[in-house]
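Visitor: I have a model open on my screen, and I would like to understand the words people use for its hollows and bends. Could you walk me through it?

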Amino acid sequence: MTGAGNYTFSSDFILLGLFSSSKTSLVFFSFTFFIFIMTITENTLMILLIHRDSRLHTPMYFLLSHLSFMDILHISNIVPKMIADFLSGSRTISFAGCGFQIFLSLTLLGGECLLLAAMSYDRYVAICHPLRYPVLMRDNSSGLLAAGSWLVGILNSIVHTALVLHLPFCNSRAIDHFFCEIPAMLKLSCIDTTHYERGVYVSGIVFLLIPFSMISITYVQILLTVFQMQSSGARQKSLSTCLFHMVVVIMYYGPFIFTYMRPRSYHTPGQDKFLAIFYTILTPTLNPIIYSFRNKDVLMAVKNIIQSNFLNKN
């Protein structure tokens, strides 16, 4: 439906995507498909392990199970559409489909930002205040942290999705991105979006800068505690864990902050697509490896399940 002034309110959009018809794109498509299958498998296995093994019924793994679920939903919200478009040659997405992508993406991105901060707080209490851990991180505490991450993410997403979809769009409906993301959508608007962009900055402060600052502070405190450890083996293991965690956090928050905290005039399609790959495709793949599968308890749970299945077959 088209309104006055050649504004488009409910027509389909076109996602220009990441892939073209070149051989290089075929290789990149194959790699993306492999990453998608790997991510779904890893995170599903992580959720099953946490559910089945009683030793993993702790606040930390409870939060990790929510992180895995968010990662499954997030990559499933984006990559299957990319795959379908590449195979079919069609790049259109309906107005409703685009709205749903924006809503789910913002819910999961915002929720994960808050959840990662909650997980860093859990590690801070466990390492820096181990005697107070049972009090500060009771079972209901981790539940409240997870529920709060989901709820605040959903509320923020509802507001931004509604505002973006009510913008009048010009004749060009081609979104130069591989999914419907707010910065790319704003470029199609026929009106000045300065006031709305200020709202995006406010959300960026709440969901990006504050959680990232909290995570940085907690890891500094953790490192100071680790350096005081008497055992060199425990110190080295803790340092390695902290380093890997911070690398993943920076890979997630860094591109996310760079994308959402810059004025629209500074955005370029190629740069936005490259940065989005980190927080939509790569980090969901790395999270289970960094946070879980390097952990002795998780590896032991995998071993126990394999052994129990083997014994049952015999």
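**Hollows and helices**

Guide: Gladly! Sorted by class, the lining of the largest pocket has 16 nonpolar, eight polar and six charged residues. Please keep in mind that this is a predicted model.

Visitor: What makes the space with a volume of about 640 Å³ a pocket?

Guide: A pocket is an open set of points with protein on both sides within 12 Å along at least five of seven lines, whereas a cavity is a set where the probe cannot get out. The space of about 640 Å³ is the largest pocket. Among its 30 lining residues, Met60, Arg123, Thr241, His245 and Asn295 are the closest to the centre. H2, H3, H7, H8, H9 and helix H10 (296–313) each give two or more residues to that lining.

Visitor: How many cavities of 30 Å³ or more are there?

Guide: There are four of them, and the largest has a volume of about 150 Å³. Of the 14 residues lining the largest cavity, Leu106, Asn156, Ser203, Phe256 and Tyr260 are the closest to its centre.

Visitor: Which helix gives the most to the lining of the largest cavity?

Guide: H7 does, with six residues. By class this lining holds nine nonpolar, five polar and no charged residues.

Visitor: What classes of residue line the second largest cavity?

Guide: Seven nonpolar, two polar and three charged residues line it. Asp, Glu, Lys and Arg count as charged, so Glu197, Arg262 and Arg264 fall in that class. The space inside is about 90 Å³.

Visitor: Why does the span of helix H9 (residues 269–293) agree with what is expected?

Guide: The expected span is 1.5 Å times one less than the number of residues. For the 25 residues of H9 that gives 36 Å, and the end C-alpha atoms are 35 Å apart, so the two agree. H9 also has a kink of about 50 degrees at Thr283, shortly before the proline Pro284.

Visitor: What span does helix H2 (residues 59–88) reach, and what is expected?

Guide: H2 has 30 residues and reaches 44 Å from first C-alpha to last, close to the expected 44 Å.

Visitor: Where in H2 does a kink lie?

Guide: At Ser76, shortly before the proline Pro80, with a value of about 30 degrees. The bend is the angle between axes fitted to the seven residues ending there and the seven starting there. Just after H2 comes Gly89, whose phi is positive, near 85 degrees.

Methods:
Residues numbered from 1 in each chain as written. Predicted model: local features only at pLDDT ≥ 70, side-chain atom pairs only at ≥ 80, totals over all residues. Heavy atoms only, no water. 1 Å grid on protein atoms, 1.4 Å probe; cavity = no way out; pocket = protein on both sides within 12 Å on 5 of 7 lines; lining within 4 Å. Points joined across faces, edges and corners; volume = space filled by probe spheres on them. Helix = DSSP H or I, 4+ residues; strand = E, 2+ residues; numbered from the N terminus.
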